[in-house]
Every structure is written in structure tokens, then in C-alpha cells.
Amino acid sequence: MSVGADTRVNNKDTLPKQKTEIVALKNNLAYDAILTPNLQLEFRLTDQWSIEAGVGFNPFPIKDTKFPKWRHVSVSVAPRYWFCHVFNRGFFSFNAAYAHYNVAGNAWPVSWMYKQVKDHRYQGDAVMVGESFGWHFPISPHFSIELEAGIDAGYTWYKEYECKHCGKQTARSGHWFALPKIGVNLVVPLGGDELSLARRCDCEKLDQAPEEPVDTIVEEEPEERIGASRLTVPLGFAVMPVVAKVEPFEVEVDHMQQLRSRLLRSEEEYEPYNQTMAMSADPRNTFIYFDVNVTKMDRSFIENDKLMDSIMTIIGDAVSDSLIRITHIQIVGYASFDGRVSYNNRLAGSRAQTIKDYIKSLYPSLPDSVFSVCNGGESWAELRYHLSHVEFEGRDEVFRIMDTEPDPDKREMLIKKLHGGATYRYMRDELKRILRNLGCITVFCEPVYD
């Protein structure tokens, strides 16, 4: 097979369909904390604009003789600009609201900000506008948490009464005011699925996902990396789909022989893993793929089913082979360097454990002692290896930052600032796609002598 031949792949049949959230149902826990049931609806307008409409109603106390009194009803509307995409990461909100209120006594937080409420009753209306900033944290396809903080300012006009629950009106007035805006929102996006969750967790993936099916020209992979019929493997510096142009029987036999020789190693070659090791530096190493921010192994993702079936067949043959004994099954889980290091470390460790659990579910006779489950964390060693094989603006500065900044979170921030973000964008587009969401499997064996 010649390397470099063009093969045309139609993404129409391979791209998974995504259900997009067009509306989200929300409840503000901070508003609940002051005994005000509330509900908001947020509607997607464009890729980066949404609008939120909400209502809050506090009927307490039911009887006027009970204090403190904190009756009010409020309605609000808030256009939002999202820095990435709607329901993804950070946003800036423009807020407008109206409220009708009847307050008296120690009605917190109003009495904390305006001391005169403790001894008098105020009934009136208020309008306000403001701005706030927030961050959206996707948890599952149908649940998120959102934090928001800002300030609202406005004008209120009211009637003042001489006592808390009765008495004649003593004044009519109005004044300007300012209030902090705090939101701890429970969010239920409607209409999404697993794919939309992955894309909500990764702004770059949203940017890269084609809106319409297109024809993509890709290169065929060298012969030693051919898959059973079609595998996704690293080529150059991008993960690209590869289609083999040989007879199906020849592909399967050739693939299984090559995969067996890469997957099964002599016990003498075993070396405990550490995070300074670049597993992709050894062309024999075999990787499977996880979706963004996902720890469960999806057999349908990037044709994991074909690769995993082949790997499990080889491991099963080794388990039943009376002439060899499996001594170690080394599993390394990775995450990209994008995001908080604490989260990425948990993600990488969970991926490695998921692969072990999958193997154990098929071959329960394998003892836990043969498994070496390794947390590769953020794939900095893999990045260093691939950086050494490519030239681009800022590459040497990336090496310098990696060598001098021990804090991974600060390291990521410094890299993202290089050349106005151009260096990071290149790395994101050309390198990160093969540095993230990986699991590496290697099986070590020794001969059995009678």
C-alpha cells in the first residue's frame, strides 16, 4: 500500500447526531435561601446569545401579625453573551428587573442593608438594572450548576407606615439603591444528549465540529498501522480517519498479527510507568479513545468497538494459552492539559480504571495483582515528545515554560498568552487532538515451563 494516497471519506455517515439544548430550566438556590421560591427559563438565541426570564414570589408570612414580613414578587429578564457558546463556560449578563414588596421587621437581607425596616413597614415598587458575570459547569447531559455574581442598581418608590403590621401612613418617598446579585443556579438543559454534554464541556470541540456533512480528504496510514477495516490512528500531528484499500480477509489477518506483536511484550521489557514517560514515543503502544470530559468507555466512539474487540481477543488468547502467563497488564489513562490540573488528574485516573474494569468484566479470572493501573494525568510528556517533531512560532517558548514553571495550571495560562494566543491555537488544532482522551494498554507475559 502506498502512503500518501488520497481517500475521500464522507462524514455524513460517520458524524454522530447531536441534540442541541434550546432552553434550560433553572432555580436560584441563593434566592431560595431567603425563602423565595423562584424559577427561570433561559432560551438559546444564537451560538453566543441567550435570554433568561425569571419570576420569584415570597408570600411569607401568611398572616400579617407574623414577623418578619418579607412579601414580594419579582420578574426579571437578562440577555446573556457567552464567551464560548451558550450553556458553555463563562458569560456576561445584562439584567433588568421589577419588584413589588411589602417588608417590615427583621426581614433579612433587607433589614441588614436598611436598618429602618426593623421598626417600620414599607410597601412599594422597584425597578433595577445591572450587570453580572457567571460560569456554567456541565455535570451531565441534563444537569448543570451555574455560579453568577454582579451588582444591580435602581430606583424604588414606596409608602412608609408607622409600625410593623398596622398604623397610618407616615411618608411617601423614593430613593436610589444598589444591591448585590448572587446566583447559585441549578440548571436543567432540555433537549441535549451525551454529545452535546461533551461539546458543552469543550469550547474548542464546538468550534471544530462541522455544521454540515462534508467530504474530507485524508491520507492512508502506513502499512504497519492498518486497522481491521478502519481505525483512527495518529498520522503526523492529527488524529485522522484511515480507510484501508485491501481485501477484508487480508486486512483482518494482517491487523491481528501486527496488533498482537505490539500488544504482547516480554516480561523483561516491563518498566513501571511514571509521568515523565511519553508512551507515544514507542510506535508499538496501542491507544483507545475517550470523548471529551468522559470517563466511561464508549465502544461506538471513534470505532473503539473494532479495536477493543481485537484487543480483548488477543488478551483472551493469552489467558487461555498454557505456554505463557500474563504478568502485567499496564494501563495508562490520560487527559489533556486544558483545564484545572486537579480535575484532569481525576479524569485520567478514572479512564485508566474504566479500562481495567472492562477487561475484568470479560476475564474475571485475571487477578488484580497483574493490573498496573496508572494515572498519566495531564499529557505533558506526550506534548513534549510531539513538540520535538514540529516547528511553529512559540515552540521554544513553550519548552521554556514547561522547563521553568512547575505549576501545571500556571504553565497552561502562560502558554495560552504566547503571541496573543496564536501559539496555543496552533497547539490546540494540530497537537491536542492526539494528546487528550487517551488510554494506553500493554500486556506483558513470560513463558511457562513444565
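## Close-up views of a predicted model

**View 1. Strand 15 and strand 17 run antiparallel, paired over 9 bridges.** The model shown in these views is predicted. Strand 17 covers residues 438-447. Across this pairing, Arg 325 stands opposite Glu 446 of strand 17.

**View 2. Strand 15 also pairs with strand 16, here in the parallel sense.** This pairing comprises 6 bridges, and strand 16 spans residues 371-378. Ile 329 has Phe 371 of strand 16 as its bridge partner. Helix 7, residues 341-362, joins strand 15 and strand 16 in a right-handed β-α-β unit.

**View 3. Strand 15 is largely enclosed by the rest of the structure.** The strand consists of residues 324-335. Of its 12 residues, 9 are buried, so the surrounding structure largely encloses the strand.

**View 4. Arg 395 is a buried residue of helix 9.** Helix 9 takes in residues 395-404. The relative accessibility of Arg 395 is 13%; buried means under 20%, so this arginine qualifies. Setting aside neighbours within four places in sequence, Arg 395 contacts Leu 387, Ser 388 and Val 390.

**View 5. Cys 374 is buried and takes part in no disulfide.** A disulfide is a covalent bond between the sulfur atoms of two cysteines. Searching the whole structure gives 0 disulfides. For Cys 374, the nearest cysteine sulfur belongs to Cys 440 and lies 9.5 Å away. A disulfide requires sulfur atoms within 2.5 Å, so this pair does not count as one. Cys 374 has a relative accessibility of 9% and therefore counts as buried.

**View 6. Cys 445 is buried.** Its relative accessibility is 9%.

How values were computed. Residues numbered from 1 in each chain as written. Predicted model: local features only at pLDDT ≥ 70, side-chain atom pairs only at ≥ 80, totals over all residues. Heavy atoms only, no water. Buried < 20%, exposed > 50% of the residue type's maximum accessible area, 1.4 Å probe, protein only. Helix = DSSP H or I, 4+ residues; strand = E, 2+ residues; numbered from the N terminus. Pairing = 2+ DSSP bridges. Right-handed = clockwise from strand over helix to strand, strands pointing away. Contact = heavy atoms within 4.5 Å.
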